[in-house]
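Visitor: Got a minute to walk me through this one? I'd like the layout and the side-chain pairs.

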Amino acid sequence: HPSRREASAQGEQGEAQVHGLKVRLRVRCPGADGVVAAELQLGEAHRTYPTDAALLAWAAQASDGLATIVYD
């Protein structure tokens with residue numbers, strides 16, 4: 001579900017506007033010695049356009065559906 005690009009009103013020389021959210025992943029892995037956690041922020045090339053289908057797909061790919069979608 002890639003970001004959407006829209007040409008600016010300035011014509012060919014204007015830059016395209018990018019409509020999409022940055023993606024930040026927080027991963028927690030419990031173990032015998034405690035919990036290990038990491039946070040990853042993906043770069044600009046990995047922005048996503050938050051449609052209902054995109055959010056459902058992301059949640060379905062999480063372990064046992066344990067995903068939380070948070071907008072900052």
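Guide: We'll take the overall layout, then the hairpin, the salt bridges and the surface. Keep in mind that this is a predicted model.

Visitor: How many helices and strands does the protein have?

Guide: One helix and four strands. Along the sequence the pattern reads β-β-β-β-α.

Visitor: And what share of the residues is buried?

Guide: Of the 72 residues, 10% are buried. The protein exposes about 6200 Å², and carbon and sulfur atoms supply 52% of that area.

Visitor: What about contacts over sequence distance? What fraction joins residues at least 24 apart?

Guide: The figure is 40%, counted among contacts between residues at least 6 apart in sequence.

Visitor: Let's do strands. How do S3 and S4 pair?

Guide: They pair in the antiparallel sense, over eight bridges. S3 covers residues 24–31, and S4 covers 34–41. Together they form a hairpin with two residues between them.

Visitor: Which residue in S4 is the bridge partner of Pro30?

Guide: Val35.

Visitor: Switch to charges. How many salt bridges are there?

Guide: The structure holds four. Two of them involve Glu39, so let's start in the hairpin. Arg26 and Glu39 meet at 2.8 Å, N to O. Arg26 lies in S3 and Glu39 in S4, so this pair ties together parts 13 residues apart in sequence.

Visitor: And the other partner of Glu39, what is the distance there?

Guide: Arg24 bridges to Glu39 with the closest N and O atoms 3.6 Å apart. Arg24 also lies in S3, so this pair links parts that are 15 residues apart in sequence.

Visitor: Is Arg26 buried or exposed?

Guide: Arg26 counts as exposed, because its relative accessibility is 62% and the cut-off is over 50%. Arg24 is partly exposed at 37%. Glu39 is partly exposed too, at 47%.

Visitor: What does Lys22 pair with?

Guide: Glu44, with a salt bridge at 3.8 Å, N to O. Lys22 sits in the loop between S2 (17–19) and S3, and Glu44 in the loop between S4 and helix H1 (52–61), so the pair ties together parts 22 residues apart in sequence.

Visitor: How accessible are Lys22 and Glu44?

Guide: Lys22 is partly exposed at 47% relative accessibility. Glu44 is partly exposed at 48%.

Visitor: Which residues are linked with them in a network?

Guide: Arg47 joins in. Lys22, Glu44 and Arg47 are linked in a network of salt bridges.

Visitor: Arg47 again later, maybe. First, which residues make the nonpolar surface patch?

Guide: Leu25, Val27, Leu40, Leu42, Trp58 and Ile69 make it. The patch is about 460 Å².

Visitor: Why does Leu40 qualify for a patch?

Guide: Leu40 has a relative accessible area of 46%, and patch residues need over 30%, so it clears that cut-off. Leu40 is found in strand S4.

Visitor: Last topic, Ser3. Where does it sit?

Guide: Ser3 is in the segment before strand S1 (4–6).

Visitor: Buried or exposed?

Guide: Ser3 is buried, because its relative accessible area is 18% and the limit is under 20%.

Visitor: What is Ser3 in contact with, leaving aside neighbours within four places in sequence?

Guide: There are Val18, His19 and Gly20 among its contacts. Arg47, Thr48 and Tyr49 are in contact with Ser3 as well. So there is your Arg47 again, which is also in the network with Lys22 and Glu44.

Technical notes
Residues are numbered from 1 along each chain as its sequence is written. This is a predicted model: local features need pLDDT of at least 70, side-chain atom pairs count only at pLDDT 80 or more; totals for chains, interfaces and linings use all residues. Side-chain values use heavy atoms; hydrogens and water are left out. Patches are made of residues with over 30% relative accessible area and no salt bridge: like charges are joined within 9 Å, nonpolar side chains (Val, Leu, Ile, Met, Phe, Trp, Tyr) within 5 Å. Accessible areas come from the Shrake-Rupley method with a 1.4 Å probe; for residues, only the protein chains shown count as cover. A salt bridge is a side-chain nitrogen of Lys or Arg within 4 Å of a carboxyl oxygen of Asp or Glu. Buried means under 20% relative accessible area, exposed over 50%, partly exposed in between (1.4 Å probe, protein chains only). Two strands pair if DSSP finds at least two bridges between them. Contact means heavy atoms within 4.5 Å.
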